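Please open the model in a viewer and keep the selection tool at hand. The stops below are given in the order in which they may be selected.

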Amino acid sequence: SLALGHVDPRQAQATMAQAAAAMRELSPPSSPQPRKRRALGRELSDAKVEDPRGRRVAAGRAAPGPEAAKGSVVAPVRTQGRRLREVSSSTPESVQLSPAEAELVAQLEDRGVPPTGRVLLLPLLRRFGAARMEEVLGLWTFLGDGGASRPVSTTALQVWGPPGTGKTEVVFGFMQELGIRHVRLNCACFASAGELQGRLAEELRRLAVASSASAPRELQHQAPPGRQIRALDRLEVALRPSLDLLQESCSGKPVKVVVALDQAQELPRLRQGLLQHLLEFPEVLQQGGMLTVMTISRLPLSLLGLLPAREPPAVEFRPYTEAQAEELLQRLLAKVPRNPGAPDLRTLCSSGLMKFAAPALGRNLHHLLRIGEEVLAESRFPVAGGSGVAAMQRRIEQAVQERVGLCDLSALLEPGEVLEQSAASAMATVRRMTTEEKRLLLAAYLGARIDKDDDMQLFLPEGRRRGRKKGAVIKKVAEGEEDLPVFVRAPHPVPLVRLLAIYHRLARAPQLVGPLLFERLMNLKEAGFLRFAGDRQPCCEREVKVLCRAELPLARACAGEVGIDLAEYLCRG
């Protein structure tokens, strides 16, 4: 173009200069900038420490989080696990430990736990105490630590133990601290198997949406309450989008979600065979390999109808010993606010909860802890030591009665009368009975616990005089009941003729048999105090026997009303 003269030479020269400048800008610099080289050298010269996931991270610098790489998406539960690893970037041996923590670390080392496992399990043992070390190690064996080096290693797991042993708190605290993906379903809250499966699909949808920054539109809408999914193929269709999104959020890495079925003893109520159906999810679903089904119940699954051959591995939660329960109560109640007039923690736990509440409720820490909180919130305890302990005992017994379903019977007593609950109920019952009914009930109680060979010595005048010369009566008892108190032995049926004979001797008046006496006897039967052993097969030729169902407090109250010393007949030499 320049040769033909179509373009101005000055304009062409300016265009060529601009193109050369643009090419210089695009070409790399001849040498790196000194500032960047120094920064790179400083990073490479930092000391390194071992990370639990096997990576080498510069000391004093946190491992790169999920927001370090632009566009990477990690579920929130995974972020908890990474944060735990960042905090625990040093081994327990490298930090200052208390004597109790050093003992925990030594026990973990004796059980073969590697250093990275000790770093992760030590905070859990600080929280749950050394009493739950075996259970935490069992969960760590099957559920891993939430990392790629030790993932969930089982498709099904059962956790069982008595109520109040910390199953739910330990299991879910373990998974939350270690960043294990899980969903929780309380089986006691569902009315059908379809409702449970519908809730499972909804919980997995929420977990998938929380794990991804850009969830598809079909997963952003919440399912209606009470949605039911009965068929297995419909359940698989409902779970597929959520599981696909979880897989994408982890960049194709293996994903495991623990489906925790709390209160699993309620599953047979929903449908027969439902327990076996749920445990087969990892095998029958197309993407079931991403699921691990875990049951939390009070009984082992073999007692809930599952075949022994299909029973998964188990982690058993044993009941707390008395010393362990007392120690945990003191540690947990120390964090509870208390009124100035409340008793001290040691007295409350040892002389209060373990003495008056544990015999009726067992070592159920859930109930014992709530009763302790109620007592500490009470502000009406007397200042004097003895009066304060008595008031604490009455308050604890009242709380126990509320939990076992007994009402307050103090309104049945006379004004100013103070009795225990058992004595109050017995006294209120006795006041509505006639004298004949009291003697009949007392005769049935004595006849059920005294051997018939001792009747002459106990009830006839000449026998009583002979008994006083010889000493106390040694009664015959069944094998295995020698060391048991008389009021806890099993009562024996009493022939009706013998019962009436004892009644006559207690009343000290002959010829009292008549229609009125048998009417009183039937009143006691209708009230539930007596039961005829031959009711179901009445026969005139067969001897009628009576079984006394009254307990010692009622018998003692009846004896006091009719002026009979009950210990004179029941004492042993």
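**A helix-to-helix salt bridge**

Select arginine 126, which counts as partly exposed because its relative accessibility is 40%; here buried means under 20% relative accessible area, exposed over 50%, and partly exposed in between, with a 1.4 Å probe and protein chains only. Before continuing, note that this is a predicted model, in which local features need pLDDT of at least 70 and side-chain atom pairs count only at pLDDT 80 or more, while totals for chains, interfaces and linings use all residues. Residues are numbered from 1 along each chain as its sequence is written, and side-chain values use heavy atoms, with hydrogens and water left out.

Next, add glutamate 101 to the selection. Arginine 126 and glutamate 101 form a salt bridge, with 2.6 Å between the closest N and O atoms; the term requires a side-chain nitrogen of Lys or Arg within 4 Å of a carboxyl oxygen of Asp or Glu. Arginine 126 belongs to helix α5 (residues 115-128) and glutamate 101 to helix α4 (residues 99-110), so the pair ties together parts that are 25 residues apart in sequence. Helices (H or I, at least four residues) and strands (E, at least two) are DSSP runs, numbered from the N terminus. Glutamate 101 is buried, at a relative accessible area of 18%.

**Further salt bridges**

Select arginine 118 and glutamate 109, whose side chains meet in a salt bridge of 3.9 Å, N to O. Arginine 118 is buried at 7% relative accessible area, whereas glutamate 109 is partly exposed at 48%.

Move to glutamate 266 and arginine 269, a salt bridge in which the closest N and O atoms are 3.0 Å apart. Glutamate 266 is partly exposed, with a relative accessible area of 25%, and arginine 269 is also partly exposed, at 47%. Then select Arg199, Glu202, Glu203, Arg205 and Arg206, which salt bridges with shared partners join into one network. The structure holds 18 salt bridges.

**A bent helix**

Select helix α14, residues 345-361. Where does α14 bend? The bend is about 50° and lies at leucine 353, taken as the angle between axes fitted to the seven residues ending there and the seven starting there. The end C-alpha atoms of this 17-residue helix are only 20 Å apart, short of the 24 Å that a straight helix would reach at 1.5 Å a residue; that expected span is 1.5 Å times one less than the number of residues. Colour the buried residues of α14, among them Leu345, Leu348, Gly352, Leu353, Phe356 and Leu361. Just after α14, select glycine 362, which takes a positive phi of about 75°.

**A three-stranded sheet**

Select β8, β10 and β9, which form an open antiparallel sheet in that order; two strands pair if DSSP finds at least two bridges between them. At the edges are β8 (494-495) and β9 (530-532), each of which pairs on one side only. Three bridges join β9 to the antiparallel strand β10, residues 545-548. Among the residues to label are phenylalanine 532 and its bridge partner in β10, valine 546.

**The whole protein**

Finally, select everything. The protein has 24 helices and 10 strands, and buried residues make up 42% of its 573 residues. About 32600 Å² is exposed, of which carbon and sulfur atoms supply 53%; accessible areas come from the Shrake-Rupley method with a 1.4 Å probe.
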